[in-house]
Amino acid sequence: MSSIPVIAQSAGPGAARWAARRRGRATGGANRRPGWVTYAILAVVLLIAVYPLYYTLQLASSDAVSIARNPIPSLVPEGNLFANIAEVLGGRVPFGKAFVNSMIISVSAAVSVVAFSTLAGFSFAKLRYRGRGPLLVFVIATMAVPTQLGIVPMFILFTELGWANNLIGVIVPAMVSAFGVFWMTQYLDQALPYELIEAARVDGASMIRTFWHVALPAARPAAAMLGLFTFVQHWVAFFWPFIILTSNNPTLPMAVQLLQANYFTDYSLVMAGVLVTTFPLLILFVVAGRQLVSGIMAGAVKG
Amino acid sequence: MSVITPRPPTAQRPREATARRMGFRQRMGRWDVKVSPYLYISPFFILFAVVGAFPLLYTAFVSVHEWNLLGGQGEFVGLTNYRDVFAQPTFLKAIGNTFSIFALSSVPQVIAALALAAVLNANLRAKTFWRMGVLLPFIVAPVAVGLIFGRLFADDSGLVNALLTQVGLEPLGWHSDRLTSHIAIATMVNFRWTGYNTLIFLAAMQAVPQELYEAAIIDGAGRLRQFFSVTVPQLRPTIIFVIITATIGGLQIFDEPRLFDDQGLGGPSRNWMTVAMYMYDVGWGNQKNFGRAAAIAWLLFLIIIVVALVNFLVSRRIATSDSPRGAARLLARGSGDAGRTPAADATRPTTASKET
């Protein structure tokens, strides 16, 4: 008696899936739901993406002795996590200062890049003037120039200007980005109708008022993504801050490097530092990762 | 505009009154229109001049002088710095290391990203979740990646070697052998960048016109055949873009290998010292020789240009030899221009230029 509904149940969705698969094959597979193999592959990829972070958590919650004894960490984190984090934060490496520095640098870079890129993007996308085309090509061409190569003279110049070991020395090179200008130009070109600009002009708005009240609101989604991207980029940046700043005025990646130099024997502390550095971005990613993903995807089609 | 906002006739008079006083404002307005566009793009150009163009050119100037971190500019020495750099066995080793790490990272990375994008391109449930998962490593700082993998690949008590011994294999010298250390470092780069490139490929894949696939299916192409004969040729501009960016970034690699051990000098015998690490060591390490560091920077710049160019030509050929004509034929047979996205149109100029 009970076997009838079971058969009906198993046949129902199965048949539907089968029919959907056939339909999918007939329409070129565009709407076809993928099978479990696809999800299995993705699950493995996800595991590879997540595991190193989990490994960090495991080591950070452990201690030097147990790390040395068990190369394969237990699956469940041990209990020393908060003690290790507290020891790292209270230790010789100025993590609090590094956090504030990284925050200042990343926020100012994001704000400045968004502001200047939107301004330039508005100009390139919607205003007509002599030399516009070649100038835009020049901006795009600068993306191919590896800025890291100019560090020797930049260091000399910034030392002359008194910007060495000063956050200004990190912020100024981060204030504009060719990618940002290009990105905003592309976006505003499509997202901002000429009619809106003309309407504002007819109403007697100056250029900058037009920018502020018409272009900037239209640019908001792209600006959010650019800001997010720039923030991440400067939060993880190491090379230039490492050169221009000193160890008592570090950024977070520098602080982590200093931990390694100080505590290389106790990896639980080093990994606690890694966790402290990564955690803020992890939160940001959970909150705004969707935007970051769609931003990279959108940028890619045009780039 | 008057159509949209019809004004009552009474509004006519005050408007004329203000129009008479507009002389100065009008002139200001014209000036505004003329100058503003340049004003808005000027921040980029001014800052680029200071932190981009000037340093690059000045690097050349520094590289032909005696120049010390502490002493500053010395006398003109011509190409001596370049000759000295080439005479250093460490420099040549660093170049070898950089290329080895670059090759080990970029090739598998592009292939893996392409394959992964193809998987993600299916009509998945919870799309955003999978995409975010793939991108997650991108937010881990390279320095942190260097430390995490430095630990995973530790020679004596690392997880990877422990697992190898568990399955009965010999533990590998991830820090002591040259090639294995390069593989470990390339793994870090791949960990951080594969997902990012996957999303770029995925975006391009979604712009491939659906009728190309339909035509391929009618021609009897299987899924693999579709991938190689339709997807890959259509993705050509994106593939080239990814390879060029990977070249520029990959040849400058510094953070990950620097943090691979606690010394930051590429191991006891400089087995994984890259050119960027060597440049840092010469300029800010023991020698404090800015002239030589600048010479290294310029040499690296030239190498990057040459490699990027070679990559560009090679990737053009590779993507073209995969029966682009098949794709072109399919395109011609497809249902005309209807339904083609602007993004797909953007790829067309490059498709046309390959014929020339």
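Where in chain B is B:Arg270 found? Hold that thought for a moment. One caution before we start: this is a predicted model.

Now the answer. B:Arg270 is found in the loop between α12, residues 255-258, and α13 of chain B. Look at its backbone. B:Arg270 has a positive phi of about 55°, although it is not a glycine. Why point that out? Because most residues other than glycine have a negative phi. Next, its surroundings. B:Arg270 counts as partly exposed because its relative accessibility is 27%, between the 20% and 50% cut-offs.

There is another residue to set beside it. B:Lys288 has a positive phi of about 55° too, and it is not a glycine. B:Lys288 is found in the loop between α13 and α14, where α14 covers residues 290-321 of chain B. Its relative accessibility is 25%, so B:Lys288 counts as partly exposed.

Both loops border α13. So what about that helix? Helix α13 of chain B runs through residues 275-284. It is mostly covered: 10 of its 10 residues are buried. Among them are B:Tyr278, B:Tyr280, B:Asp281 and B:Trp284. B:Gly283 is on that list of buried residues as well.

Stay in chain B for one more residue. B:Thr238 is found in helix α11, residues 236-250. Is B:Thr238 buried or exposed? B:Thr238 is buried, because its relative accessible area is 10%, and the cut-off is under 20%. What does B:Thr238 touch, leaving aside its neighbours within four places in sequence? B:Thr238 is in contact with B:Ile200, B:Phe201 and B:Ala204.

Over to chain A. Chain A has 15 helices and zero strands. Of its 303 residues, 49% are buried. Now take the contacts in chain A with a separation of 6 or more. Residues 24 or more positions apart account for 73% of those. On the outside, chain A exposes about 14,300 Å². Carbon and sulfur atoms supply 67% of that exposed area.

One residue in chain A is worth a stop. A:Asn84 is found in helix α4, residues 81-89. A:Asn84 counts as buried because its relative accessible area is 7%, and the cut-off is under 20%. Which residues does A:Asn84 touch, not counting those up to four places away in sequence? The partners are A:Ala60, A:Ser61, A:Ser62, A:Ser268, A:Leu269 and A:Ala272.

Last topic: how the chains meet. How many residues does each chain bring to the contact? Chain B brings 93 residues, and chain A brings 98 residues. Between them, the chains bury about 8,700 Å². Carbon and sulfur atoms hold 79% of that buried area. Which residues of chain B lose the most area to chain A? They are B:Tyr40, B:Phe44 and B:Ile139. Together those residues make up 9% of what that side buries.

Now the polar side of the contact. The count between chain B and chain A is six residue pairs in polar contact, with both residues at pLDDT 80 or more. The count of salt bridges is one. The side chains of B:Asp32 and A:Arg201 meet in a salt bridge, at 3.9 Å, N to O.

Finally, who supplies chain B's side? Helix α2, residues 23-63, gives the most to the side of chain B that touches chain A, with 22 residues. By class, that side of chain B has 69 nonpolar, 12 polar and 12 charged residues.

Methods: Residues are numbered from 1 along each chain as its sequence is written. Chains are lettered from A and ligands numbered from 1 in the order in which they are written. This is a predicted model: local features need pLDDT of at least 70, side-chain atom pairs count only at pLDDT 80 or more; totals for chains, interfaces and linings use all residues. Side-chain values use heavy atoms; hydrogens and water are left out. Contact means heavy atoms within 4.5 Å. Buried area is the accessible area (1.4 Å probe) that two parts lose on being put together, summed over both. A salt bridge is a side-chain nitrogen of Lys or Arg within 4 Å of a carboxyl oxygen of Asp or Glu. A polar contact is a pair of N or O atoms within 3.5 Å; within protein, one must be able to donate a hydrogen and the other to accept it, and residues adjacent in sequence count only if both atoms are side-chain atoms. Helices (H or I, at least four residues) and strands (E, at least two) are DSSP runs, numbered from the N terminus. Ala, Val, Leu, Ile, Met, Phe, Trp, Tyr, Cys and Pro count as nonpolar, Asp, Glu, Lys and Arg as charged, and the others, Gly among them, as polar. Buried means under 20% relative accessible area, exposed over 50%, partly exposed in between (1.4 Å probe, protein chains only). Accessible areas come from the Shrake-Rupley method with a 1.4 Å probe; for residues, only the protein chains shown count as cover.
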